[in-house]
Amino acid sequence: MIKENKASKYLLYAIGEIFLVVIGILIALQINNWNEDSKQSRIEQQYLVALKEEFKYSHQKLEQVIAVNKSNADYALKISDLMGPDIPAITEKEFSTLAMEMTNWEVIYHPNQAVLDEIISSGKLSIFSNAKLKFALSSSKGLLSKIRFQEDEHAVVRRDIIAIMNADGNAKKMITDAQGDTFDIKESKFKLGNLHLLQSQKLENELTDFILTARYLNQNYYEELKTELDAMLKLIDNEIDSK
């Protein structure tokens, strides 16, 4: 009887030891999981803050390119309104200024995507807990590829306009009339001016395409991208505030 009691005590003791060991392991695993979750949360926050700054920069660049594109199209429209069989009452300098303002700036959107590219290429999208944000980040380049195509179409028309003015006009005179000797270019010794370009049906056609592709870019592509960026920034801000 005494031996049985001792055996029972040892068994209970052994079970108690095993129980304590198991509890210790479970606590250690829980602490490890908590530390890992905490670490992942800190990394997620760091990426969220970096993405916010990146998308804010891209939003600013988009605002700038929208303004440039609108300005270019407005100058093109002014020239288009002057065109016809008769030369309008405008000076060489005034026309040259309009033409140079219209073509000086190339329209192309250059977003900053270093952080986003690093996240996608390294497979770290899974670190974000918000499924809607993950989808938005993974699909954010879809619209950009369409924008690139439209920008290329617009750039072709811009180059065609410059080619017509260079082939049929006096490029050197246009530059000096509009900007003086800013680029150390002296006045042309040829008498040919540029006002006759306003009688060119070919140039008028290209200007029409220029205006249309510019307006289409702003209204159907850049504005959609702007809405997308606004939504992305709102998602990021909500995630930052919720942590």
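**Entry 1: His59**

I begin with the cut-off that I need here: a residue is buried when its relative accessible area is under 20%, and exposed when that area is over 50%. I note too that the model in front of me is predicted. I looked up His59, which is found in helix 1, and asked myself whether His59 counts as buried or exposed. His59 has 15% relative accessibility, and because buried means under 20%, His59 counts as buried. Leaving out residues up to four places away in sequence, I listed the contacts of His59 as Lys226, Leu229, Asp230 and Leu233.

**Entry 2: the whole protein**

I then stepped back to the overall make-up, where I counted seven helices and zero strands, so that I wrote the order along the sequence as α-α-α-α-α-α-α. Of the 243 residues in the protein, 34% are buried. For contacts between residues at least 6 apart in sequence, I noted that 84% join residues at least 24 apart. The accessible surface comes to about 15,000 Å², and carbon and sulfur atoms account for 57% of that surface.

**Entry 3: helix 7**

I went next to helix 7, which runs over residues 201-242 and has 42 residues. From its first C-alpha to its last, helix 7 reaches 60 Å, which is close to the 62 Å expected at 1.5 Å a residue. Where is the kink in helix 7 centred? I found it centred on Tyr222, with a bend of about 35°. At the start of the helix, I noted that a side-chain oxygen of Ser200 comes to within 3.4 Å of the backbone nitrogen of Lys202.

**Entry 4: the nonpolar cores**

Tyr222 came up again when I turned to the largest nonpolar core, which has 29 residues, and in which Phe55, Phe128, Leu137 and Tyr222 touch the most other members. Helix 1 (2-82), helix 3 (114-121), helix 4 (131-138), helix 5 (141-168) and helix 7 each supply at least two residues of this core, and the largest share, nine residues, comes from helix 7. I followed Leu137 further and, not counting residues up to four places away in sequence, found that it touches Leu51, Phe55, Leu116, Ile120, Leu125, Phe128 and Met232. There is also a second, separate core of 21 residues, and I noted Ile161, Met174, Leu207 and Phe210 among its members. As background I recalled that nonpolar side chains tend to be buried together in soluble globular proteins.

**Entry 5: two residues between helix 6 and helix 7**

I looked up Asn194, which lies in the loop between helix 6 (171-179) and helix 7, and read its relative accessibility as 0%, so Asn194 counts as buried. Which residues does Asn194 touch, not counting residues up to four places away in sequence? I listed Glu92, Phe95, Ser96, Gly169, Asn170, Lys173 and Met174. One of these, Phe95, is 99 residues from Asn194 in sequence, while the two C-alpha atoms are 7.9 Å apart in space. With Asn170, I found that the side chain of Asn194 reaches the backbone nitrogen at 2.7 Å.

Asp184 lies in the loop between helix 6 and helix 7 as well, and I asked whether Asp184 is buried or exposed. Its relative accessible area is 64%, and since exposed means over 50%, I entered Asp184 as exposed. I also noted for Asp184 a positive phi of about 65°, although this residue is not a glycine.

Notes: Residues numbered from 1 in each chain as written. Predicted model: local features only at pLDDT ≥ 70, side-chain atom pairs only at ≥ 80, totals over all residues. Heavy atoms only, no water. Helix = DSSP H or I, 4+ residues; strand = E, 2+ residues; numbered from the N terminus. Expected span 1.5 Å × (residues − 1). Bend = angle between axes of the 7 residues up to and from the residue. Polar contact = N/O pair within 3.5 Å; in protein donor to acceptor, adjacent residues only side chain to side chain. Buried < 20%, exposed > 50% of the residue type's maximum accessible area, 1.4 Å probe, protein only. Contact = heavy atoms within 4.5 Å. Core = buried A, V, L, I, M, F, W, Y, C linked by side-chain atoms within 4.5 Å. Areas by Shrake-Rupley, 256 points an atom, 1.4 Å probe, with all protein chains shown as cover.
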